[in-house]
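Dear colleague,

I am handing over the structure below, together with some notes on what turned up when I went through it. Please read the notes with the structure open beside you.

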Amino acid sequence: QLQASGGGLVQAGASLRLSCAASGYTFSSYFMGWFRQAPGKEREFVAAISRSGVSKYYADSVKGRFTISRDNAKDTVYLQMMSLKPEDTADYYCAARSGSYSRSSDYDYWGQGTLVTVSS
């Protein structure tokens with residue numbers, strides 16, 4: 001089970017940190033990712049992090065503004081979002097994958113979305 005939190009309504013330029021707490025499986029054995037889905041759009045990849053946390057991957061649209069991290073001792077993955085833009089408005093989902101890095105939606109477990117709304 002994955003439980004995402006931390007979304008909210010912020011103004012453009014602000015920061016937010018999303019958290020995703022895992023339970024029911026060996027968190028450190030899974031690649032973790034964040035995806036988002038804006039109204040009327042398809043779900044898209046945002047960021048991913050390897051099991052150890054050493055390797056990180058980002059969508060071009062968030063590179064330099066978002067940072068993914070994980071704490072395997074707390075079974076939690078984070079998404080630090082800075083310099084938020086109105087186009088970052090979306091439901092944000094965390095996901096776990098038993099395989100290797102992927103930008104597609106072929107993850108094994110998904111959390112519920114947490115809504116991020118960025119006003120201009």
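Strands here are runs of at least two residues that DSSP assigns as E, and they are numbered from the N terminus, which is how the loop that holds Asp75 can be placed between S7 and S8. Please keep in mind throughout that this is a predicted model.

To begin with the sheet, 4 strands form an open sheet in the order S1-S3-S8-S7, and their pairing is antiparallel. Strand S1 (2-5) and strand S7 (66-71) stand at its edges with a single partner strand each, so one side of each has no neighbour in the sheet. On average, and with direction ignored, neighbouring strands of this sheet are turned by 15° against each other. Within the sheet, S7 and strand S8 (residues 76-81) pair in the antiparallel sense over 6 bridges, and in one of these pairings Ser69 has Tyr78 in S8 as its bridge partner.

Two residues in the loops around S8 deserve a look at their backbone. Asp75, in the loop between S7 and S8, has a positive phi of about 55° although it is not a glycine, and with a relative accessible area of 27% this residue is partly exposed. Ser83, which lies in the loop between S8 and S9, is likewise not a glycine and has a positive phi, near 50°; its relative accessibility of 41% makes Ser83 partly exposed.

A search of the whole structure finds 1 disulfide, and it joins Cys20 to Cys94 with an S to S distance of 2.0 Å. The link of Cys20 and Cys94 is right-handed, with 60° about the S-S bond. This pair connects distant parts of the chain, since Cys20 belongs to strand S3 (residues 16-22) and Cys94 to strand S9 (residues 90-97), 74 residues apart. Both Cys20 and Cys94 are buried.

Finally, is Ser50, in the loop between strand S5 (44-49) and strand S6 (56-58), buried or exposed? Ser50 has a relative accessible area of 10%, and because buried means under 20%, this residue counts as buried. A polar atom of the Ser50 side chain lies 3.4 Å from the backbone nitrogen of Val54. Leaving aside its neighbours within four places in sequence, Ser50 is in contact with Phe31, Ser55 and Arg70.

With best wishes

How values were computed
Residues numbered from 1 in each chain as written. Predicted model: local features only at pLDDT ≥ 70, side-chain atom pairs only at ≥ 80, totals over all residues. Heavy atoms only, no water. Pairing = 2+ DSSP bridges. Axes fitted to C-alpha atoms, helices over the stretch in contact; angles between N-to-C directions. Buried < 20%, exposed > 50% of the residue type's maximum accessible area, 1.4 Å probe, protein only. Polar contact = N/O pair within 3.5 Å; in protein donor to acceptor, adjacent residues only side chain to side chain. Contact = heavy atoms within 4.5 Å. Disulfide = S-S within 2.5 Å.
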